Amino acid sequence: MNARAALFDLYGDHLLARGGRASVAALVRLLSPLDIAAPAVRTAISRMVRQGWLDPVRLPQGPGYAVTPKCERRLDETAARVYRRGDAPWAGRWHVLVLEPVRDRARRERLRADLAFLGYAPLSETTWIGPRPSPELDALRIPGHRFDAVYEGDPRDLLARAWDLDGIGSAYEDWLASAAELVGSLPEDASDDRVFAVRSRLVHGWRNFLFRDPGLPADLLPPGWPGEKARTFFEQEATRLLPAAAAFVDRTLNGAA
């Protein structure tokens, strides 16, 4: 886990609910159990400021950083997908994006990465689909057109064309095996900081599935879809480990760690 990803996870999973801000010293201490050194934390913070995710603030504990409105929107969207908050039954319609050609390669790659994170998959270089509209699309200012559409054919065929279901299913099975090993490494009397580290790695690994599985419609998935077993394990263990992890965060923010 690199420092930038760890900071996004930390703000989204803990700090946003605590005002969305923390001192630099607290951020360094909070990422120490993940074996992320102070220089890496400071470098990642500077990068996130340049990218518009964090703003510098003065706190009673010293210099710190707070989430920007852009970052808060991203963290809220991410949390809703990580924990599947408010999932409604699929309405049978696809959100379709028809993009204007982007000539700049770097910008094109950034756009592809952003769309994949928001749950869209390409049918062609300029046509992307998602099972539902993403609230973050407006912030991306994507050049092109949007449609709400019904597929004239078997939606399972469309799903299999846009998403690699075999690959996603195998990834779920691999993640479940590694996650069970990770959680099983915790002794009964594990300290709060160690629980925090294990839970952070658990959440980070699960969060990576947002790039592969945007919450595909359950009605269209193969029987025995391994994503459901993986999700049950994640929700159970993330909830079980939260009190000790939160205690470490609170203690660190209060300067007692």
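Ala, Val, Leu, Ile, Met, Phe, Trp, Tyr, Cys and Pro count here as nonpolar, Asp, Glu, Lys and Arg as charged, and the others, Gly among them, as polar. With that split, the lining of the largest cavity divides into six nonpolar, two polar and three charged residues. The model is predicted.

**Cavities**

There are three cavities of 30 Å³ or more. Two of them are set out below, with the largest pocket added.

| Space | Volume | Nonpolar | Polar | Charged |
|---|---|---|---|---|
| Largest cavity | about 110 Å³ | six residues | two residues | three residues |
| Second largest cavity | about 80 Å³ | seven residues | two residues | three residues |
| Largest pocket | about 840 Å³ | 13 residues | five residues | ten residues |

The wall of the largest cavity is made by Phe8, Asp9, Gly12, Asp13, Leu75, Thr78, Ala79, Val82, Tyr83, Val203 and Arg207. Helices α1, α4 and α9 each give two or more of these residues.

The second largest cavity has Met1, Ala6, Asp9, Leu10, Asp13, His14, Leu31, Leu34, Phe196, Arg199, Ser200 and Val203 in its lining. Here α1 and α9 are the elements that give two or more residues. The largest share, five residues, comes from α1.

**Pocket**

The largest pocket has a volume of about 840 Å³. It is lined by 28 residues, and the closest to its centre are Arg4, Trp53, Arg74, Arg110 and Asp114. At least two lining residues come from each of α1 (3–15), α4 (69–82), α5 (105–117), α6 (137–140) and α9 (192–207). The largest share, six residues, belongs to α5. Trp53 also has a charged partner: Lys70 lies over its face, at 4.2 Å from the ring centre.

**Nonpolar core**

The largest nonpolar core holds 32 residues. Leu7, Tyr11, Leu15, Leu27 and Leu31 touch the most other members. Each of α1, α2 (24–31), α3 (38–50), β3 (62–67), α4, α9 and α10 supplies at least two core residues. The largest share, seven residues, is from α1.

**Aromatic pairs**

The structure has ten aromatic pairs. In one, the rings of Tyr172 and Trp225 have centres 6.0 Å apart and planes at 80 degrees, so the pair is edge-to-face. Tyr172 sits in helix α8 (residues 165–184) and Trp225 in the loop between α9 and α10 (226–253), so the pair ties together parts 53 residues apart in sequence. Tyr172 and Trp225 are both buried. Ring pairs link Tyr172, Trp175, Trp206, Trp225, Phe233 and Phe234 into a cluster.

Methods. Residues numbered from 1 in each chain as written. Predicted model: local features only at pLDDT ≥ 70, side-chain atom pairs only at ≥ 80, totals over all residues. Heavy atoms only, no water. 1 Å grid on protein atoms, 1.4 Å probe; cavity = no way out; pocket = protein on both sides within 12 Å on 5 of 7 lines; lining within 4 Å. Points joined across faces, edges and corners; volume = space filled by probe spheres on them. Helix = DSSP H or I, 4+ residues; strand = E, 2+ residues; numbered from the N terminus. Phe/Tyr/Trp six-rings, centres within 6.5 Å; stacked < 30°, edge-to-face > 60°. Buried < 20%, exposed > 50% of the residue type's maximum accessible area, 1.4 Å probe, protein only. Lys NZ or Arg CZ within 6 Å of the ring centre and 35° of its normal. Core = buried A, V, L, I, M, F, W, Y, C linked by side-chain atoms within 4.5 Å.
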